Amino acid sequence: MKRVLIGAVVCGMAGGVALLADLAADGRWFQDVTVSAGVNKPHTNRSFDNPYAKIMAGYTALGASATVADYDADGFDDVFVTDSRLGGKNHLYHNNHNFTFTDVGEQAGVSGGNDATNATSASLWFDYNNDGRPDLYVVRFGHNTLYENLGGGKFRDVTKKAGLDRYSNAIKAIAFDYDRDGQLDLFVGSYFQPINIFNPESPRFFPESFETANNGGGVTVFHNKGNGTFEDVTEKVGLRLSGWTLDMGNGDADNDGFDDLYVACDFGTDRFFHNNGNGTFSDITEKAIGFDTKKGMNVDWGDYDNDGLLDIYVTNITDDYMREGNFLWHNNGNLAFTDVSRDTGTAETGWGWGAKFFDYDNDGWMDLYVVNGWVSAGKDSYVPDIFAMVVKPGIDFSDARNWPPMGSKSLSGYEKKKLFHNEHGESFRNDAAKHGVDSVRDGRGIAIADFDNDGRLDMFVANANAEPYLYRNTSPAGPHWAQFALEGTKSNKAAVGAQVRLTADGKTRLQFINGGNGFASQSTRRVHFGLGEVAKIDQIEVRWPTGNKEVFTGLSADKLTRIVEGTGKKK
């Protein structure tokens, strides 16, 4: 068995140990380092210049996204952060290894994208050509862009060459190897239909109903042909949809070795697709989760109760007008899920957006951070305006002219964020105020990463029309942890889809590498385990995306360890 240690406990800044000790003693386990880290450039919403601009104001309060990858393979995670305004620059923040970052977006060639016919909404890091370097896919209302990572901090636009140049009004993309051929396939979620929303020819481009809303952009599936190009296989794989997609998430619900797909739709019902293992998917929504009319915003998969099955967290809306509540879908093990959000205290988080599972205190249980707030503006509320429209007989919701202009009004604004501490899989306790992460900015994407390689997971939060937050984890030293960086050989090199089961002190915990789950965000590709008081790892079992299983032993806690496919003991 080959095992390479590539990291250990590191305190990034001079005097860092003393600083973290002081903060931990204060009881606040996250420090806002946005300004000192040099990542405080604000996101700005896109303002449209068309006859429906005042009505579209709420729909432009999107596009604040943060995605993580170690693009230059220096052992430290970097982050790409978007802007949406006309002429606004996107930011590629290079990690300087001391908890400061330098924006290298322009010299890397990836800062553009916000022009008269395109507005950046999100991004995705994925190794499309399987050369070991994460490439960058910039998601936009308009045309998306694929940048190939050339190494040396340089990128080039290969969108047309790859066969991905089309108008999509996309808001989300994930990438995983759905057919296990060793190449990452691309799933693109679109909000609007592929019309020119900057200068629409017709006013009928809004959702046609709150309940069905079958006039959205749906999902497009691009199969990676392995030669640097993609083909549209949406209908072939069984994923033709017309919902208003806001997020997607992949995970293996039944542990059969093939990743399944959850699609969160604004207006209308969410969808659950089971991977049949033959290059196709089956829509099993009715069996898996049932049909709903909530407003799905976020999809994240994680085993919150440590039972060896991946569960799913979906944000919806809880405000004065729509008291829907979120979903915490407990995996029952039979491709059916039960919503336990109210039982666990995770149902009501306001106007929900991004949410991420992660173990912030390294106690071995997955915690949950949720951001919220649609538009925080003036003191007047937009809710009565929407209500008046909804109750009006014979209203054509798809006609933008029938929607009231938002102006300077607020809708579910100034909402406090939630940091849910996992109480051993039974319930969650909100500790956001206690740890200083209960901001009232309009949150969107959450990227989780250990930016200083100290074994404590940090948070980058993108906020709409505002500066982001970079929260450094300053929790007390003591709980043990383990991180793993996986490399596929027969599998895709990024090992997306791999499951890792760590056994220590007679208990087994599950983590996996997803393809970019979470609204407007993507977290580290490293697999992180909190171990609590346990300092000895018995073994890890890796289930690679090809279906191969290997066991690795002799591993050390409190280290980042590189695991290469084919170097362990076959199971």
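**Close-up views of a predicted model**

**View 1. Buried residues of helix 8 in the predicted model.** In helix 8, the residues Val383, Asp385, Ile386 and Met389 are buried. When the helix is seen down its axis, these buried residues fall within an arc of 160°, so they line one face of helix 8. The structure shown here and in the views that follow is a predicted model.

**View 2. Ser412, in the loop that follows helix 8 and leads to strand 25.** Helix 8 spans residues 383–390 and strand 25 spans residues 418–423, and Ser412 is found in the loop between these two elements. The phi angle of Ser412 is near 45°, which is a positive value in a residue other than glycine. Because its relative accessibility is 13%, and buried means under 20%, Ser412 counts as buried.

**View 3. Asn453, in the loop between strand 27 and strand 28.** Strand 27 covers residues 443–449 and strand 28 covers residues 458–463, with Asn453 lying in the loop that joins them. Although Asn453 is not a glycine, its phi is positive, at about 55°. The relative accessibility of Asn453 is 10%, so this residue counts as buried.

**View 4. The largest cavity and the residues that line it.** A search of the whole structure finds seven cavities of 30 Å³ or more, and the largest cavity has a volume of about 230 Å³. Its lining is made up of 17 residues, of which Tyr59, Asp266, Phe267, Trp351 and Trp374 lie nearest the centre of the cavity. Sorted by character, the residues of this lining divide into 14 nonpolar, one polar and two charged.

**View 5. An open sheet of five strands.** The five strands are arranged in the order 32-31-35-36-38, and their pairing is antiparallel. Strand 32 (residues 507–512) and strand 38 (residues 569–570) stand at the edges, where each has a single partner strand, so one side of each is left without a neighbour in the sheet. Strands of a sheet pair through backbone hydrogen bonds, and the pairing may be either parallel or antiparallel.

**View 6. The pairing of strand 31 with strand 35 within the sheet.** Strand 31, made of residues 499–504, and strand 35, made of residues 539–543, run antiparallel and are joined by five bridges. In this pairing, Gln499 stands opposite Arg543, which belongs to strand 35.

Terms used: Residues are numbered from 1 along each chain as its sequence is written. This is a predicted model: local features need pLDDT of at least 70, side-chain atom pairs count only at pLDDT 80 or more; totals for chains, interfaces and linings use all residues. Side-chain values use heavy atoms; hydrogens and water are left out. Helices (H or I, at least four residues) and strands (E, at least two) are DSSP runs, numbered from the N terminus. Buried means under 20% relative accessible area, exposed over 50%, partly exposed in between (1.4 Å probe, protein chains only). On a 1 Å grid over the protein atoms alone, a cavity is a set of points where a 1.4 Å probe fits but cannot get out, and a pocket is an open set with protein on both sides within 12 Å along at least five of seven lines; lining residues have an atom within 4 Å of a point. Grid points are joined across faces, edges and corners, and a volume is the space filled by probe spheres set on the points. Ala, Val, Leu, Ile, Met, Phe, Trp, Tyr, Cys and Pro count as nonpolar, Asp, Glu, Lys and Arg as charged, and the others, Gly among them, as polar. Two strands pair if DSSP finds at least two bridges between them. The arc is that of the directions from the helix axis to the C-beta atoms.
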